[in-house]
Amino acid sequence: MAGNQKAKGKAEQAKGKAKEAVGRAVGNERMEAEGRMEGARGDARQAKEKAKDAFKH
């Protein structure tokens with residue numbers, strides 16, 4: 001289960017970065033902001049999983 005959550009975090013980070021880059025390229029501020037939000041959500045998920053791993057060991 002934890003591996004699944006880590007993968008989701010990585011996927012959100014990648015999707016967010018791509019969306020942010022496309023938004024910046026076409027001048028769409030809303031898309032750029034959505035990309036930053038998705039990336040931040042992925043970062044938070046990754047941090048949560050790392051914290052859980054730290055307490056397991």
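The expected span of a helix is 1.5 Å times one less than its number of residues. In this predicted model, that rule can be applied to helix H2, which comprises 28 residues and should therefore span 40 Å. The C-alpha atoms at its two ends are 41 Å apart, in agreement with the expectation.

**Overall form**

The chain contains two helices and zero strands. Helix H1 covers residues 2-26, and helix H2 covers residues 29-56. Along its principal axes, the C-alpha trace extends over about 45 × 15 × 10 Å. The radius of gyration of the chain is 13 Å, whereas a compact globule of 57 residues would have a value near 10 Å. Of the contacts between residues at least 6 apart in sequence, 52% join residues at least 24 apart.

Buried residues account for 26% of the 57 residues. The chain exposes about 4,200 Å², and carbon and sulfur atoms supply 58% of this area.

**Helix H2 and its beginning**

The N-terminal end of H2 is capped by Asn28, which places a side-chain oxygen 3.1 Å from the backbone nitrogen of Arg30. Met31 also belongs to H2. With a relative accessible area of 26%, Met31 is partly exposed, because residues count as partly exposed between the limits of 20% and 50%. Leaving aside residues up to four places away in sequence, Met31 touches Lys19, Glu20, Val22 and Gly23. Gly3, by contrast, is 28 residues from Met31 in sequence and 29 Å from it in space, taken from C-alpha to C-alpha.

The buried residues of H2 are Glu32, Gly35, Glu38, Gly39, Gly42, Gln46, Glu49 and Asp53. An α-helix has 3.6 residues a turn, so residues three or four places apart point the same way.

**Salt bridges**

Side chains of opposite charge can pair when their charged atoms come close. The structure holds 10 salt bridges, including the three listed below.

| Salt bridge | Closest N to O distance |
|---|---|
| Glu12 and Arg45 | 3.3 Å |
| Glu38 and Lys19 | 3.1 Å |
| Glu34 and Arg30 | 3.4 Å |

The bridge between Glu12 and Arg45 has a closest N and O separation of 3.3 Å. Glu12 lies in helix H1 and Arg45 in helix H2, so this pair ties together parts of the chain that are 33 residues apart in sequence. Glu12 has a relative accessibility of 17% and so counts as buried.

Glu38 and Lys19 also meet in a salt bridge, at 3.1 Å from N to O. Since Glu38 lies in H2 and Lys19 in H1, the pair ties together parts that are 19 residues apart in sequence. Glu38 is buried, at 10% relative accessibility, while Lys19 is partly exposed, at 24%.

The salt bridge between Glu34 and Arg30 lies within H2, where the two residues are four places apart and are therefore separated by about one helical turn. Glu34 is partly exposed, with a relative accessible area of 28%, and Arg30 is exposed, with 64%.

Lys19, Arg30, Glu34 and Glu38 are linked in a network of salt bridges. Within this network, Lys19 belongs to H1 and Glu38 to H2. Two of its residues also appear in the contacts described above: Lys19 touches Met31, and Arg30 supplies the backbone nitrogen in the cap formed by Asn28.

Conventions
Residues numbered from 1 in each chain as written. Predicted model: local features only at pLDDT ≥ 70, side-chain atom pairs only at ≥ 80, totals over all residues. Heavy atoms only, no water. Buried < 20%, exposed > 50% of the residue type's maximum accessible area, 1.4 Å probe, protein only. Contact = heavy atoms within 4.5 Å. Polar contact = N/O pair within 3.5 Å; in protein donor to acceptor, adjacent residues only side chain to side chain. Salt bridge = Lys/Arg side-chain N within 4 Å of Asp/Glu carboxyl O. Rg over C-alpha atoms; globule rule 2.2 N^0.38 Å. Areas by Shrake-Rupley, 256 points an atom, 1.4 Å probe, with all protein chains shown as cover.
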